[in-house]
Structure formats: structure tokens, C-alpha cells
Amino acid sequence: MSERIEKLQQMATQIRRDIVNAIYYSGDGHPGPCMSIVDIMTPLLFDIMRLDPSQPKWLHRDRFILSKGHAAPALYAGLARRGYFLPSQLKNLRKLGSPLQGHPVPKETPGVEVTAGSLGHGLSQGCGMALAARKRGDDNVIFVVTGDGELNEGIVWEAAMTIAKYKLTNLIAVVDNNGVQSGGKVTEIGGLVKLKEKWEAFGWYAVEIDGHDLGLLTIAFENAARRGRLPLEKRSGMTIIPGMEAPLPEQPIVFIAKTVKGKGVPYMEGNNAWHKRVPTIEEYETAMSVLGGKDLE
Amino acid sequence: MQGLDVLAEKDERIMLVCADSLLAMRATGFVEKFPDRYIEAGIAEQNAAAIAAGLAIDGLIPFFATYAGFITMRACEQLRTFVAYPNLNVKFAGVNGGIAGGEREGVTHQFFEDIGILRTMPNFTILVPADAGQATKACIAAAAIPGPVYIRLGSGRDPVVFDAGKPFVPGKINVISEKGNDIALFGNGVMLPRLFKAAEILETKGFGVTVAEVHTVKPLDVEGITAVLKKCGAAVTAEDHNIIGGLGSAIMETAAGYYPVPVERIGLRDVFPGSGLPDELLDYYQMSVNDIVNAAISAISRKSKL
């Protein structure tokens with residue numbers, strides 16, 4: 001493993017610890033859905049994206065939009081570790097007077113780009129930002145991370161049409177395809193099948209990818225971001241994943257990241273009871289020992 | 001949408017967002033002048049509202065314009081959670097407000113709940129202009145008000161009520177005539193001409209009438225309204241909206257809270273209306289000039305009994 005990826009791996013583990021801590025200390029939250037996005041979020045926030053935590057509202061920043069807002073503790077942990085606020089704040093999740101609301105809202109928390117939690121809205125909001133970036137001739141990119149359960153929402157597909165229509169390649173979508181939503185499998189609850197074909201039918205370049213392979217995710221996101229910053233005429237033939245066919249110049253990209261709900265804590269992995277549940281003291285200790293530490297500082 | 005053209009000339013941040021509503025909003029002229037400032041979301045109002053939120057986060061001032069009910073009902077949650085909650089600078093222009101606006105289209109296009117819905121959302125400003133000239137001014141005023149603003153519009157064929165030179169001051173009631181203190185008539189939108197006629201009839205019957213336009217339903221000019229209630233001691237409200245939740249409710253809340261006097265509400269009496277011509281509809285659904293006159297006499301007669 002390269003030094004670059006090793007650093008990201010360490011950060012991902014740190015964020016997983018932070019998530020367990022935040023939910024344990026607040027006594028509420030969704031650990032499973034947080035854990036599945038950590039390896040998607042970490043390379044974006046800590047390697048790929050153009051960010052300046054000292055200026056959270058800097059106009060030319062890249063945008064990280066968490067559409068599946070119930071994974072707020074993961075976002076908050078990422079932002080804290082990236083330097084937007086102190087990690088010690090994470091203990092105040094969901095507490096009265098804390099900037100860390102149960103679901104994210106931008107006016108409360110530095111680094112939070114959009115309101116999220118009512119599912120399905122990240123792509124439309126990201127679409128607005130991508131249009132605004134294009135209007136001002138900016139080269140920033142907008143990453144939108146959605147759940148797969150939230151693809152039940154019709155607005156997702158409304159946005160998918162609009163983004164493809166406007167050829168907004170400065171917006172890059174990532175589906176956290178952990179296969180399970182609150183009540184069960186995504187194939188059974190919402191009837192979500194042929195996900196790749198659905199996106200392709202909407203005009204997108206859809207790539208299935210291992211959502212826990214930090215090395216591959218980093219390369220893929222880096223390529224997608226580089227492409228997204230370039231004007232249309234300069235990007236033909238740019239591959240996203242080595243060995244795969246390149247997208248058409250005007251196609252927006254969606255990564256269908258195959259993930260495991262609860263990834264990183266063995267007793268949570270694949271067990272949907274952890275969609276929303278707080279660890280007991282014993283479970284907390286087990287998680288911390290697996291994740292190698294306890295610190296929130 | 002003339003106001004939008006005026007705004008866009010001066011302010012690069014002004015954008016128009018439509019949900020295949022460009023023709024209905026008569027905004028094709030805007031697109032000819034400012035093609036890169038028009039976003040077409042398709043017949044997808046929730047998407048349009050959330051796109052507008054994204055534009056506003058990046059510092060632009062989007063106006064999302066379509067039918068009143070598709071904004072306030074189809075995209076209700078998007079307005080509440082994604083615009084009002086983060087207090088974004090998104091403006092909404094909703095046509096076919098009320099039953100007169102939707103007229104022959106029927107209930108699917110008659111929206112008499114919009115103001116009641118938005119009044120319960122923190123951060124929203126609600127403007128109800130009465131005619132095309134006021135709509136232009138309301139649009140220009142909305143751009144200068146920070147945060148979300150809803151401009152409630154009629155059919156676009158509404159009668160002219162005010163002289164073009166008359167200023168539009170959001171947040172304040174517009175006292176139109178003060179010819180006595182027997183009864184206060186409060187109203188807005190398409191109901192104003194009816195209110196004026198009712199005032200004339202009441203005056204010929206010997207009553208002293210004060211008429212005030214309440215074009216800003218939120219934030220309500222509580223001080224101005226309370227002063228009129230104190231002076232007149234009874235009031236009638238007239239609006240093209242359900243009597244629940246709109247201007248009538250707002251003024252009753254003010255009266256009950258600050259200066260309790262009899263208030264009678266003229267509006268749609270909590271029923272689904274039918275198709276018809278605008279004036280015919282308003283008369284049939286108990287929003288006629290005579291209904292206003294009778295409500296005024298009833299309110300006046302209840303003064304001594306309170």
C-alpha cells in the first residue's frame with residue numbers, strides 16, 4: 001500500500017472511531033449507514049477535493065454533498081478531522097444548543113453544504129451548485145453521495161434527468177450501494193433493481209466500484225474530478241478507471257459503490273439492526289478495540 | 001414577470017427557474033434577453049425548488065415560477081426543509097392563486113391553501129399583489145428582502161386596481177380610504193375591487209368605512225392592523241383563499257391577541273369549488289360584494305354585544 005493510501009486508511013479508521021464515539025455519547029444515531037460511506041468520504045475530503053477549512057464559504061471550493069443525511073455523524077467526523085471544528089464537539093451530537101444537529105443543516109455547522117436528512121435531495125441541490133459554478137466559469141467540482149435506499153425517491157430521477165440534460169460533468173455522484181435500507185433489502189422494499197442500467201438509461205456513465213477499496217476509489221475520484229474541472233472540448237477519451245472504456249465527453253459520472261452497512265465493526269457488518277441503534281458499553285468497548293483506540297481528541 | 005426583467009438588467013445574480021412553466025408565466029421575453037439565466041427543471045417542481053436552493057447557496061437569487069399549488073403543495077417540503085430552514089434567498093412566484101385565478105381549469109388548478117401552508121413556515125415572507133403593476137413591484141421588492149419570499153399571483157388577467165405610480169411598501173398595510181370608524185375592511189389580491197364597491201354601498205347606507213389593503217400577509221403589520229381595529233371596533237376580511245389559514249385567520253389572531261373586536265371573514269368557506277368564470281365563481285362561493293356588505297353589517301351589529 002502506498003503511503004498516500006496508508007494515510008487515508010488511518011484516517012478512515014479514525015473516522016470510524018469518531019462515529020462510534022459520537023453515537024455512543026449522544027445516545028442516538030445511525031451507525032450502520034455511517035460506516036458504509038467512510039471509505040467513500042475519506043479520499044474525497046482528505047485527498048481529492050479543493051477545500052479550505054479556514055474559509056468554509058470560499059466560493060471556489062469543491063462541494064461535498066451528503067444526500068443521505070442520516071449518516072451525519074460520519075460527515076461531522078470527517079469535517080472535524082479535516083479541521084472545520086474540534087473533534088471534541090462530536091460528543092455533543094444531537095444535544096440542545098450543539099451545532100451538530102441530528103441531520104445536517106449548513107447554517108449550523110461549518111463545512112456542511114446543504115440541508116439533508118429528508119432523503120433524495122442531494123442531487124437537485126448539487127445540480128443548482130453545478131449550474132451556478134458553470135455560470136461563473138468556475139472549475140470546482142461537486143461530489144454528491146447518496147444512499148441506495150433513497151433512490152426510491154422520485155426527485156432523485158428528476159435530478160438525474162436535469163443533470164444529464166445540462167451535461168453537468170462538474171457534478172460527480174456516488175451511490176453508497178450497501179443494499180439495505182431501514183426496513184430491509186433495497187430490492188424488496190423499494191424494488192431497486194438494475195441500478196447501473198437505470199443510470200445509463202438516464203444518460204449517465206455508471207461505474208460499479210468496490211466502495212471499500214481506498215486505492216481504487218482514490219484513483220477513480222481523482223480522474224473524475226480532473227475531468228470535471230476541464231472544459232468539454234478537452235476531455236474526450238479520459239478514462240476514469242484504468243482499463244475501462246472512457247465516458248462520452250458530455251456524460252455525468254455516477255459511481256455505484258458496493259459497500260457493507262456497518263463496515264469496520266464486525267458485529268455491525270451486514271446486520272441491519274444497526275441501521276439505527278446505540279451500542280451498549282460492552283459493544284462500545286468491542287468496537288473501540290477492533291478500531292484500535294478510544295480517543296475523541 | 002416584467003419585474004424579473006427589470007431586476008435581471010441590474011443584477012447578474014437574478015435567475016429564473018421553471019417547471020415547464022415558462023409559457024404559463026409569460027416569461028419567454030426573459031429567456032430571449034437572458035438565455036443563460038433560465039433553468040428548466042421539467043415538470044418536476046420538487047427538483048426545481050431544490051435546484052433553486054442549490055443556486056441560492058452559491059449566492060444567486062433564483063425566482064422559481066409556476067402554478068401556486070405546485071410550488072406550495074407539490075414542493076411543500078422542499079420549500080420548508082431546503083429553503084426556509086436554511087433561510088436561503090429563493091423567491092417563488094405562484095400563479096393561479098385563489099379560485100378566481102384557476103377559474104375554468106377546476107380544482108386541480110385553483111389554489112386556495114397556499115398562504116395558509118406558507119404562513120406556518122418560519123422565515124417566509126408572503127406577498128399578495130392585487131394587479132399586474134403591483135406584481136411587478138412585489139417582484140422587485142422580493143429581491144431586496146433577504147430570505148425566502150412567496151409572491152402570490154392570480155391569473156394574469158386580473159383587473160387593474162392601482163395607479164402605476166403607487167408605491168408598494170412590503171410589511172405595511174396600505175390604508176386606502178378612511179371615511180369613518182364604524183367598520184374596517186381588510187383585503188388583498190383580486191378581492192380588492194369588491195372591497196371598494198362594498199365600501200361605497202356601506203357608505204351610502206350611512207356607515208363610516210376604513211379600507212386597508214394587506215398585501216404582506218407575513219410578516220403581518222400587527223401594529224398597523226391593531227391601530228385600525230382600535231379605531232373601528234369591528235372588521236371584515238376579504239381574500240380569495242380558504243377562510244382557514246389565510247388573511248382572515250391572521251387578522252383574527254391579531255384581534256384575539258391584541259384588541260378583541262368582532263371580525264367576519266369573507267373567503268372560500270372550506271369547500272372545494274368548481275370550474276367557472278372568475279367573477280361568477282367568487283359570487284357563487286359567497287365572496288360577492290353583497291356578502292361583504294352583509295358581513296360588515298353583521299360585524300357592526302355584534303360590536304355592542306362583545
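**Helix packing and salt bridges in a predicted two-chain model**

Reply: In this predicted model, α3(A) and α4(A) are roughly parallel to each other.

Me: What makes α3(A) and α4(A) roughly parallel?

Reply: The axes of α3(A) and helix α4 (residues 72-82) of chain A cross at roughly 25° and come within 10 Å. Angles under 35 degrees count as roughly parallel, and the pair is therefore given that name. The crossing of these two helices is right-handed. From α3(A), A:Met41, A:Leu45 and A:Phe46 take part in the contact; α4(A) contributes A:Ala74, A:Leu75, A:Gly78, A:Leu79, A:Arg81 and A:Arg82. By class, these residues are six nonpolar, one polar and two charged.

Me: Which residue of the contact between α3(A) and α4(A) is the polar one, and how do you know that?

Reply: A:Gly78 belongs to the contact, and Gly counts among the polar residues by definition.

Me: Why are α1(A) and α3(A) called oblique to each other?

Reply: Helix α1 (residues 3-26) and helix α3 (residues 38-48), both of chain A, pack at about 120°, with axes 9 Å apart. Roughly perpendicular covers 65 to 115 degrees and roughly antiparallel begins over 145; α1(A) and α3(A) are therefore oblique. Their crossing is right-handed. On the α1(A) side the contact includes A:Arg4, A:Leu8 and A:Met11, and on the α3(A) side it includes A:Val38, A:Phe46 and A:Ile48. The contact of α1(A) with α3(A) holds 10 nonpolar, one polar and four charged residues.

Me: How do you know that A:Arg4 forms a salt bridge with A:Glu222?

Reply: The closest N and O atoms of A:Arg4 and A:Glu222 are 3.1 Å apart, and the rule asks for a separation within 4 Å. A:Arg4 lies in α1(A) and A:Glu222 in helix α9 (residues 214-229) of chain A, so the pair ties together parts that are 218 residues apart in sequence. Over all chains, the rule counts 27 salt bridges.

Me: What makes the pair of B:Asp58 and A:Arg136 a salt bridge?

Reply: The closest N and O atoms of B:Asp58 and A:Arg136 are 2.9 Å apart, which satisfies the limit of 4 Å. Across the interface of chain A and chain B the rule finds three salt bridges.

Me: How many residues does each chain bring to the contact, and what area is buried between chain A and chain B?

Reply: Chain A gives 28 residues and chain B gives 23 residues. The two chains bury about 2100 Å² between them, with 60% of it on carbon and sulfur atoms. A:Thr115, A:Lys135 and A:Glu158 supply 26% of the area that chain A buries against chain B, more than any other three residues.

Methods:
Residues are numbered from 1 along each chain as its sequence is written. Chains are lettered from A and ligands numbered from 1 in the order in which they are written. This is a predicted model: local features need pLDDT of at least 70, side-chain atom pairs count only at pLDDT 80 or more; totals for chains, interfaces and linings use all residues. Side-chain values use heavy atoms; hydrogens and water are left out. Axes are lines fitted to C-alpha atoms, for helices over the stretch in contact, and angles run from 0 to 180 degrees between N-to-C directions. Helices (H or I, at least four residues) and strands (E, at least two) are DSSP runs, numbered from the N terminus. A crossing is left-handed if the near helix is turned anticlockwise from the far one by less than a right angle, and right-handed if clockwise. Contact means heavy atoms within 4.5 Å. Buried area is the accessible area (1.4 Å probe) that two parts lose on being put together, summed over both. A salt bridge is a side-chain nitrogen of Lys or Arg within 4 Å of a carboxyl oxygen of Asp or Glu.
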